[in-house]
Amino acid sequence: MASDATTRTETDSLGTMEIPTDAYWGIHTARALENFPISMRPISVYRDLVVALAMVKQASARANKQIGVLDAARADLIDQAAQRVIDGEFHDQFVVGVIQGGAGTSTNMNANEVITNIALEMAGREKGDYAFLSPIDHTNRSQSTNDVYPTAIKVGLGLDLQSLLEELDLLRRAFLNKADEFHDVLKVGRTQLQDAVPMTLGQEFHGFATTLGEDYHRLRENAHLLYEINMGATAIGTGITTHPDYSEAVLHHLREISELDLDTAVDLVESTSDTGAFMSFSSTLKRNAIKLSKISNDLRLLSSGPQAGFGEINLPARQAGSSIMPGKVNPVIPEVVNQVAFAVAGADLTVTMAVEGGQLQLNAFEPVIAHSIFQSITWMRRAMRTLRVNCVDGITANRERLGTMVGSSVGVITALTPFIGYTAAAALAKTALLTKRNVGDLVVEAGLMSRDEVDKQLSPARLSGLQAVTRAIPVITKPGAAEGV
């Protein structure tokens with residue numbers, strides 16, 4: 001096909017293709033678009049992956065210039081073009097699908113072609129003038145897909161993780177704020193969905209905050225597993241085609257550009273073939289997602305009803321819940337968080353199988369690993385935000401209902417057993433269940449304790465354990481108490 005004003009002709013080892021004149025990508029990207037119409041999602045959906053690819057190319061250009069394997073003029077053009085991508089330009093040109101064969105070669109070449117053509121345009125040249133500046137000979141100098149792609153994934157995840165951690169901490173703080181707001185609201189705790197002993201609603205929400213804080217630290221710890229990179233490994237880890245000083249130089253520049261605490265793997269052959277760090281990181285994401293799902297389950301249970309369920313808290317009404325039942329409002333925000341957790345758990349299994357599927361000196365399945373983890377981070381970040389903004393911040397407590405439930409709960413009798421003994425407490429508990437009467441009233445009527453003593457021991461501070469009984473108290477007994485209640 002002859003080229004015209006709307007296309008330019010590019011050639012690779014397989015032949016010739018016509019490329020749109022305004023496209024910054026080239027023939028290798030065009031072939032990928034033909035071969036992998038799978039996900040219909042371009043790599044540009046993961047902004048930090050695109051930024052990371054540009055960072056790797058920029059660091060390589062600076063390293064190649066430093067060690068003298070690329071002339072300063074070309075290196076500087078690549079450097080400046082990569083910076084424009086880092087700054088957010090041209091992301092729409094990263095068009096290859098997130099799922100692709102070839103161990104990421106299509107993604108690497110998409111980056112090489114886009115950055116090269118940006119640089120050519122900056123130099124006053126036509127796109128595709130690869131005799132002047134080549135995507136392979138210059139932009140990809142000293143590199144292979146097999147060290148560029150995994151390194152870019154790791155750098156991109158390191159960048160993406162920062163925003164996830166910010167949202168996680170904001171959600172943790174939101175639960176802490178509710179813990180403070182509900183610090184004096186007594187409720188009945190439950191084990192195995194059955195009434196247990198009293199606690200405060202504040203303690204329950206504080207527990208949510210604590211578990212999220214633990215995940216914050218686990219995610220940061222596992223992130224460091226990603227910071228071991230294999231730049232300089234090239235094809236299989238032997239460093240073929242690279243200058244002996246390249247690996248150290250590119251690490252220095254990539255650390256400076258990304259501001260991540262990166263380090264070069266001691267064994268580049270092992271690092272090129274082993275993708276275990278991705279599996280560990282994915283597993284930690286799954287842990288966080290499952291715990292978020294459990295919290296969401298609790299919020300749905302605590303707000304259930306509102307008339308025929310627990311009805312202890314009120315979730316903000318976000319939208320009508322039914323097309324047939326007027327006035328119905330569903331817990332849609334926790335529900336969407338549950339679904340995100342299910343997807344993250346599935347993605348973790350995908351990562352696990354892809355890691356296992358690696359063979360010999362390279363894992364060909366890093367594209368699905370990258371897609372799975374980036375999607376998990378993206379969805380979790382958004383889920384955390386909507387849970388915080390559209391749910392947690394607006395939760396209110398049904399104080400009157402909670403007070404009634406605590407007052408009539410036989411669980412509060414547990415707090416009085418040191419004073420009246422287990423036998424009397426058991427009998428009173430049975431009576432309270434049968435008569436639906438207030439436990440404290442029954443204790444006073446039985447003459448086992450005074451009203452002041454009962455009120456003191458059944459105070460929110462004592463019942464929730466916030467104020468401990470610090471001395472031994474003799475059991476109060478009354479002849480025939482167990483039988484006469």
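Here's a short tour of a few spots to select in this predicted model.

**Stop one: a pair of helices.** Select residues 47-67, which make up helix 2, and residues 246-258, which make up helix 7. Two packed helices are described by the angle between their axes and the distance between the axes. Here the two axes come within 8 Å and cross at roughly 135 degrees. That angle is why helix 2 counts as oblique to helix 7. If you're wondering about handedness, helix 2 passes helix 7 in a right-handed crossing.

Now show the side chains where the two meet. On the helix 2 side, pick out residues including Met55, Val56, Ala59 and Ile67. Their partners in helix 7 include Tyr246, Ala249, Val250 and Leu254. Sorted by class, the contact between helix 2 and helix 7 has 10 nonpolar, 6 polar and 2 charged residues.

**Stop two: a threonine in helix 10.** Keep alanine 249 marked and jump to threonine 352. How far apart are threonine 352 and alanine 249 in space? Their C-alphas are 33 Å apart, with the two positions 103 residues apart in sequence. Threonine 352 sits in helix 10, residues 332-356. Is threonine 352 buried or exposed? Neither, quite: it counts as partly exposed because its relative accessibility is 26%, and that label covers values between 20% and 50%.

**Stop three: helix 14.** Select residues 422-435, a helix of 14 residues. From first C-alpha to last, helix 14 reaches 20 Å, close to the 20 Å expected. Next, color its buried residues: Ala424, Ala425, Ala427, Leu428, Ala429, Thr431 and Ala432. Finish on lysine 436, which follows helix 14 and has a positive phi, near 65 degrees.

Note on methods:
Residues numbered from 1 in each chain as written. Predicted model: local features only at pLDDT ≥ 70, side-chain atom pairs only at ≥ 80, totals over all residues. Heavy atoms only, no water. Helix = DSSP H or I, 4+ residues; strand = E, 2+ residues; numbered from the N terminus. Expected span 1.5 Å × (residues − 1). Buried < 20%, exposed > 50% of the residue type's maximum accessible area, 1.4 Å probe, protein only. Axes fitted to C-alpha atoms, helices over the stretch in contact; angles between N-to-C directions. Parallel < 35°, antiparallel > 145°, perpendicular 65-115°, else oblique. Left-handed = near helix turned anticlockwise from the far one by under 90°. Contact = heavy atoms within 4.5 Å. Nonpolar A, V, L, I, M, F, W, Y, C, P; charged D, E, K, R; others polar.
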